[in-house]
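This briefing is meant for a reader who is looking at this predicted model for the first time. Please keep the sequence and the structure in view while reading the points that follow.

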Amino acid sequence: MSTSTTTQPRNADASTKSASADGRSSRCNSNRIINTLNIFGYLFNLATAYLGGVAGWFGGVSNQELSDKYQTLITPAAIYFGYIWGLIFLFQGFFAAAQILPRFRDHPLVQRGIGYWYFMTCLAQSAWTICFGYEMFITAFVAMVALLLTLLTILNLQWRSIDQEERKKKSDRFLVANNAISLDDDDF
């Protein structure tokens, strides 16, 4: 009888270890899905922006021609337009590449602070490019609002993730300090 009692905790221990390993595996797979979607989102957005914005595939007109056609007070000069978007896509590319590296791919700022929202941002930006190319300005405006909302969501999640990490560090420091005091009291 004692043998069966001993066996049950070992089996329970094994199932607990298996469950925690499955949880880590599931979380790891979820992280890889997020990282992969972010890469595909970036590549799709880059292709859409080039094909629509530069080559004029969507509507037959490039973004530059549309900007010349519909001048506003905040429309940048033609020479700066490429520089601005070039920098935006360059830094987005840095993020897309960095977030798949082992050092960053499981980082809380990537997984909790960005998650699937960067992919949604890329889709909204691509939708804007296509709608703007076809001069569907109301739909392009809706896509731009969606883009703004996804970026604000990322910003909010980033702040929450940083705040959560700071609280965890404070809690860990408190526990370490508390345990150090407890050890000192036990010595006497």
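A search of the whole structure finds zero disulfides, a disulfide being a covalent bond between the sulfur atoms of two cysteines. The points below take up two cysteines, and then turn to the surroundings of N45 and of H107.

**Cysteines**
- C122 is buried, because its relative accessible area of 1% falls under the 20% cut-off.
- C131 is likewise buried, with a relative accessible area of 11%.

**N45 and its surroundings**
- N45 belongs to helix 1, which covers residues 2-54, and this residue is buried, with a relative accessible area of 0%.
- When neighbours within four places in sequence are left aside, the residues in contact with N45 are F89, Q92, C122, Q125 and S126, so that C122, itself buried, appears again in this setting.
- With Q125, one of these residues, N45 makes a polar contact from side chain to side chain, at 3.1 Å.

**H107 and its surroundings**
- H107 is found in the loop that runs between helix 3 (78-98) and helix 4 (108-111).
- H107 is partly exposed, because its relative accessible area of 34% lies between the cut-offs of 20% and 50%.
- A polar atom of the H107 side chain lies 3.0 Å from the backbone nitrogen of L109.
- Although H107 and N31 are 76 residues apart along the chain, their C-alpha atoms are separated by 9.5 Å in the model.

Terms used: Residues numbered from 1 in each chain as written. Predicted model: local features only at pLDDT ≥ 70, side-chain atom pairs only at ≥ 80, totals over all residues. Heavy atoms only, no water. Helix = DSSP H or I, 4+ residues; strand = E, 2+ residues; numbered from the N terminus. Buried < 20%, exposed > 50% of the residue type's maximum accessible area, 1.4 Å probe, protein only. Polar contact = N/O pair within 3.5 Å; in protein donor to acceptor, adjacent residues only side chain to side chain. Contact = heavy atoms within 4.5 Å. Disulfide = S-S within 2.5 Å.
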